[in-house]
Amino acid sequence: MGNTCTKARSEDGKTISDPGQLGANSDINSDENELMLKTTSNYEDTVDDHGQANPNRNADENIEENELTSMLKCMHHRIDQLIDVKELMHREMMKGLSKDTHNTADVKMYPTYVRATPDGTESGDFLALDIGGTNLRVLYVHISDKVVKQIAETRHEIKDLKKVTGIQLFDYVAERLAEFMEKNGLKEKTLPLGFTFSFPYVQKGLTSATLTAWSKDFEVSGVEGEDVYVLLQEAIKRRGDISVNVLAVINDTTGTLMSCAFEHHDCVAGLILGTGTNACYIEKLENVDIWDGDTLPPQQIIINTEWGAFGDRDADGNGGVLEHLITEYDDEINRSTVNDGKHIFEKMTSGMYLGEIVRLILVKLTKAGVIFNGNITDDLETKWIFKTKYISYIEEDTSVNNEACKSIFKKFGLEIKDEDCEKVKTVCSAVSSRAAKLLSAGIAAIVCQVGRKEVICGVDGSLYKYHPNIKTIMAETTKLLAPFMTVQYVESSDGSGRGAAIVAAVAQRLKK
Ligand code: GLC
């Protein structure tokens with residue numbers, strides 16, 4: 001199964017180059033590459049190649065900068081460490097695909113039952129429901145002549161629904177759907193619907209999705225172990241005033257891949273970097289040992305990796321494969337979430353968590369007197385107050401007087417100086433670039449498994465779209481980690497909404 005992506009490990013645990021994939025890249029550990037992997041931020045201004053303080057700075061500054069850089073050292077991974085992450089990710093992917101090792105794999109590699117990509121002949125009116133980590137969206141979409149046109153959309157924040165019961169959640173969803181149909185004159189119709197549900201589940205078909213565990217801090221009761229397709233149908237039935245034909249339950253990564261494939265037929269992977277993170281790709285059926293469906297053409301299937309769980313600890317809290325890279329801040333994040341020890345990779349890389357990691361570092365720096373004159377406010381000590389979008393605002397702010405940064409901290413009761421802003425920016429960029437590099441290692445593992453020279457990966461998610469540097473860091477790092485492949489990241493427009501309608505349209509075409 002698979003190819004030669006995974007390098008052999010020597011007994012001392014160090015990786016040995018595999019000539020087929022990585023060996024020829026023997027200079028990958030070179031200083032030049034290490035330098036290229038560093039962030040484009042002011043981190044480089046303050047440290048030399050080995051993370052030492054720049055001797056050109058004056059002595060006083062160096063005392064503080066040393067503390068800053070040494071505190072951020074744990075966020076900076078060398079290229080050999082990233083290669084290792086790529087290897088480990090690939091190994092977990094292979095374990096996930098194999099019947100014998102699936103149960104113990106971190107990366108579950110769920111077959112999605114989406115086997116065919118759009119061929120451009122799809123047409124009709126479709127509804128889409130999209131439940132992700134932040135919003136519930138309802139969409140009405142028209143597909144014809146290779147164009148997907150969104151006719152209407154509503155969006156509802158669901159942060160207050162994270163701890164309700166399954167019945168309450170799905171009744172809410174059905175109510176918003178009914179409202180939407182009423183408003184758009186669709187109540188008398190029975191339209192096909194694609195349902196994007198972006199949490200981990202096992203599928204037995206396109207219309208079956210048994211939730212294995214909640215992620216993204218959801219803990220809605222009575223849903224784990226249940227089929228969310230059935231829960232949605234039951235909620236619709238309880239109302240009795242609308243009728244829809246749910247054709248598919250899909251993950252947002254699948255939606256992103258399909259939405260991208262609508263325009264780029266060669267798209268083989270989908271990546272989400274938003275509240276959470278996950279990736280999917282098209283795998284050959286012969287490589288999917290856990291597949292027990294039919295083997296009719298096309299002999300391929302979209303695999304939902306659920307890579308957010310990469311590095312997970314076991315039930316007793318024993319460390320997983322990423323333990324050597326986990327920082328005290330990541331540990332703290334784990335303790336503050338409902339699924340301590342789970343979805344480790346996601347917690348190191350995605351939008352729900354990066355802001356909080358930055359806040360934890362800032363609190364530590366303040367307490368050490370390195371920033372903010374040592375002044376700590378109650379706001380700054382409030383968990384989750386520092387949103388990941390602030391990281392983007394701060395990193396993209398090039399104004400001489402650091403307006404964005406100052407105004408954010410003003411909200412937390414702090415009047416901060418320009419030199420503090422520079423340090424905050426350094427922290428933000430260390431955290432965001434660690435995420436970008438770890439994600440690139442994951443993508444490198446996927447493209448290596450795909451084994452094509454050129455790979456198009458559709459991407460969606462607010463962190464990817466709105467962060468000023470993540471795209472560039474990912475493009476550069478992927479190039480280093482998958483040197484024999486050309487990976488093109490293509491932003492997919494509304495993968496989870498439009499994508500659900502497209503999957504429904506493909507399913508409808510195949511039924512005809
Ligand atoms: C979480 C979910 C996964 C989803 C991702 C991005 O990791 O478990 O299903 O794709 O978030 O939304």
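These legends accompany several close-up views of a predicted protein model with its ligand.

**Figure 1. The whole protein, before zooming in.**
Let's start with the overall picture of this predicted model. The protein has 512 residues, and 59% of them are buried. Its secondary structure adds up to 17 helices and 15 strands. Among contacts with a separation of 6 or more, 70% are made by residues 24 or more positions apart. The accessible surface of the protein is about 20,700 Å², and carbon and sulfur atoms hold 47% of that area.

**Figure 2. The ligand in its pocket.**
Here the view moves to the ligand, which sits in the largest pocket. It is surrounded by 14 residues, and the closest are Ser-215, Asn-251, Asp-252, Glu-306 and Glu-346. If you are looking for polar neighbours of the ligand, three places are worth finding in the view. At Phe-199, a polar backbone atom is 3.3 Å from an oxygen atom of the ligand. At Lys-216, an N or O atom in the side chain is 2.9 Å from a ligand oxygen atom. At Asn-278, a polar side-chain atom is 3.0 Å from an oxygen atom of the ligand. How much of the ligand does the protein bury? Taken alone the ligand exposes 310 Å², and 98% of that is buried by the protein.

**Figure 3. Asn-278, from the ligand to its protein neighbours.**
Staying with Asn-278, we can now see its place in strand E12, which covers residues 277-284. Asn-278 counts as buried because its relative accessibility is 5%, below the 20% cut-off. Its side chain takes part in polar contacts with two other asparagines: one of 2.7 Å to the side chain of Asn-304, and one of 3.3 Å to the side chain of Asn-251. Asn-251 is also listed with the closest residues to the ligand. Setting aside residues up to four places away in sequence, Asn-278 touches Asn-251, Thr-253, Gly-270, Leu-271, Ile-272, Asn-304, Thr-305, Glu-306 and Trp-307.

**Figure 4. The cis peptide bond at Pro-298.**
This view follows the chain onward from strand E12. Pro-298 lies in the loop between E12 and strand E13, the latter spanning 300-304. Which form does the peptide bond from Pro-297 to Pro-298 take, cis or trans? The bond is cis, with omega near -5°. For comparison, most peptide bonds are trans.

**Figure 5. Arg-359, a buried arginine in helix H11.**
Arg-359 belongs to helix H11, which runs over residues 351-367. Is this arginine buried or exposed? Arg-359 is buried, because its relative accessible area is 4% and the cut-off is under 20%. A polar contact of 2.9 Å links its side chain to that of Glu-356. Beyond the neighbours within four places in sequence, Arg-359 is in contact with a run of residues: Leu-380, Glu-381, Thr-382, Lys-383, Trp-384, Ile-385 and Phe-386. You can also look for Val-424, which is 65 residues from Arg-359 in sequence, with 9.7 Å between the two C-alpha atoms.

**Figure 6. Ile-473 in helix H16.**
Now we turn to helix H16, residues 470-481, where Ile-473 is found. With a relative accessible area of 6%, Ile-473 is buried. Leaving out residues up to four places away in sequence, Ile-473 touches Ser-433, Ala-436, Lys-437 and Ser-440. Another residue to pick out is Ser-432: its C-alpha is 9.5 Å from that of Ile-473, although 41 residues separate the two in sequence.

**Figure 7. Met-109 and Asn-373, two loop residues with positive phi.**
Most residues other than glycine have a negative phi. Met-109 has a positive phi, near 55°, and Asn-373 also has a positive phi, near 55°. Met-109 is in the loop between helix H5 (79-97) and strand E3 (110-111). Asn-373 is in the loop between H11 and helix H12 (388-396). Which of these residues is buried, and which is exposed? Met-109 is buried because its relative accessibility is 0%, under the 20% cut-off. Asn-373, in contrast, is exposed because its relative accessible area is 63%, over the 50% cut-off.

Conventions. Residues are numbered from 1 along each chain as its sequence is written. This is a predicted model: local features need pLDDT of at least 70, side-chain atom pairs count only at pLDDT 80 or more; totals for chains, interfaces and linings use all residues. Side-chain values use heavy atoms; hydrogens and water are left out. Helices (H or I, at least four residues) and strands (E, at least two) are DSSP runs, numbered from the N terminus. Buried means under 20% relative accessible area, exposed over 50%, partly exposed in between (1.4 Å probe, protein chains only). Contact means heavy atoms within 4.5 Å. Accessible areas come from the Shrake-Rupley method with a 1.4 Å probe; for residues, only the protein chains shown count as cover. A residue is near a molecule or strand if one of its heavy atoms lies within 4 Å of it. A polar contact is a pair of N or O atoms within 3.5 Å; within protein, one must be able to donate a hydrogen and the other to accept it, and residues adjacent in sequence count only if both atoms are side-chain atoms. On a 1 Å grid over the protein atoms alone, a cavity is a set of points where a 1.4 Å probe fits but cannot get out, and a pocket is an open set with protein on both sides within 12 Å along at least five of seven lines; lining residues have an atom within 4 Å of a point. A molecule sits in a cavity or pocket if more than half of its atoms lie within 2 Å of its grid points.
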